Amino acid sequence: MTERRVFAAPYRPLIFLATVFTLASGIFLIDSNLFSQRDQFQESDYIMTFYVAGHLAATGRSRELYPASNALSFVDSPFDKAAHALLPHLPKQSTGAYMYIPLIAGFFAPFSYVDPNWSLFFWQALSVLALAGSCHLLARIAQVKSHETFFLSFLFAPIFLTLWAGQLGLGFGLLPLCLGFVLVWNERPFSGGLFWSLLLLKPQFFLAAAFVAIAVALTRRYRVFFGMAIGVIALIAATILAFGTGPTNQWLMSHRVSDATYSSGLQGIPSHLITGLPANLMILFPVSQRAAVKLPLYAAAASLWMFGLWYCWKLGRAQSNPSITLCLTLIVGLLLSSLTMPHLLYYDLCLLLPVGVLLLGKNGPLAGQEQLRWIAIIGWTVVSGFLPILLAFAKYKAVPLTLELILLILFVALLWLVKRPARFAVEH
């Protein structure tokens, strides 16, 4: 089956625009990191988080990665103090915070032996390779050209912001997600589950994969779930062996501090970039009332996940093509993640890239579904178009909430369009 175009009439001009923007983005990142903004980049997510964490792991100071168990914020935590001591140009008002498993700090230990800006540049280069690999894997399933998918991905604003900030979404999120999905798609469920367990390193992606594993297990196919479970156990065991029980327990306890930081509005979280309905609804309330509304909001989010599992279970029973069911289940899981994750920031919406590629592929598993393609086009445009709005109107709490409400409408529209899954039965 030959590869076809992702879009219709204006396809070639769009590819040209995407190629130019990709090259311009690369030039901008190189210039910003290594030349014009070297000192200012010490406030980037990568340098004041992962570079510092790598330095602490490399120098045997892993116990300084996390705040005390009774802390309410990351301000003046051992990690925050270490960040300011290591980075002389880091503004005093910036708060260094590390919320990931100790294994991530160990991974970045070698990166800490070079200049912070060069370290960021090397990580960005690896992230670009991870993005290219992810696009290649998705293109194989969507039956589109992988290099065009790669260029088009740069028109999705969360991708660029993830690269610019040096976040983990591409290397530890998107790539393992796509690798696991392709393996499950090719009927290697246990191996796919093992790769999906790596998403514990980037938890914002983990729930979508776990959602698919549970949905598949409801149809009495348990190997994906077992693969994920064994992989998670192995990762935690590796963490204990490499760092000991002390830092591992500190990591587990730090989630309470992280949750308090998001819900209390304390320093360190860019509130205008917070996405996810629970957090965006919570920050509309005064700080004194947020503890009271947190539980109902989280319960509502959990209810959406339960509804999603029921919906995908019904989808599997009605759909005779398991490949289509798997594809739609992943899309539902990723959309639920973008809507309900309590600790989600705008750049984490790069997890929606597979949704766009799978829905837009004119010759893939959802071929011929023009209405779904329009949902993807609208979603891609809205998410990308909101970035300048979020930055320009940073003080207005309703702006990120508006983005999430639009995504919710698109999610409901997608569920409505696939309510009769049999219409998706196509020849492959």
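**Exercise 1. Find which helices each supply at least two residues of the lining of the largest cavity.**

Start with the terms. Helices are DSSP runs of H or I with at least four residues, numbered from the N terminus. On a 1 Å grid over the protein atoms alone, a cavity is a set of points where a 1.4 Å probe fits but cannot get out, while a pocket is an open set with protein on both sides within 12 Å along at least five of seven lines; lining residues have an atom within 4 Å of a point. Also, keep in mind that this is a predicted model, where local features need pLDDT of at least 70, side-chain atom pairs count only at pLDDT 80 or more, and totals for chains, interfaces and linings use all residues. Residues are numbered from 1 along each chain as its sequence is written, and side-chain values use heavy atoms, with hydrogens and water left out.

Now the answer: α16 (353–360), α17 (370–392) and α18 (398–417). Of these, α17 gives the most, with five residues.

**Exercise 2. Describe the largest cavity by volume and lining.**

Step 1: its volume is about 180 Å³, counted as the space filled by probe spheres set on the grid points, which are joined across faces, edges and corners.

Step 2: 16 residues line the largest cavity, and L335, V355, A376, G379 and W380 are closest to its centre.

Step 3: sort the lining by class. Ala, Val, Leu, Ile, Met, Phe, Trp, Tyr, Cys and Pro are nonpolar, Asp, Glu, Lys and Arg are charged, and the others, Gly among them, are polar. You get 14 nonpolar, two polar and no charged residues.

**Exercise 3. Do the same for the second largest pocket.**

Step 1: this pocket holds about 450 Å³ of space.

Step 2: its lining has 20 residues, with V184, V216, R221, P322 and L326 nearest the centre.

Step 3: among the elements giving two or more residues are α8 (169–185) and α15 (322–340). The top contributor is α15, with five residues.

Step 4: the classes come out as 10 nonpolar, seven polar and three charged.

**Exercise 4. Work out why C178 has no disulfide partner.**

Step 1: a disulfide is a pair of cysteine sulfur atoms within 2.5 Å.

Step 2: the closest cysteine sulfur to that of C178 belongs to C135, and at 7.8 Å it's too far for a bond.

Step 3: try C327 too. Its nearest cysteine sulfur, in C312, is 11 Å away, so no disulfide there either. The total is zero disulfides.
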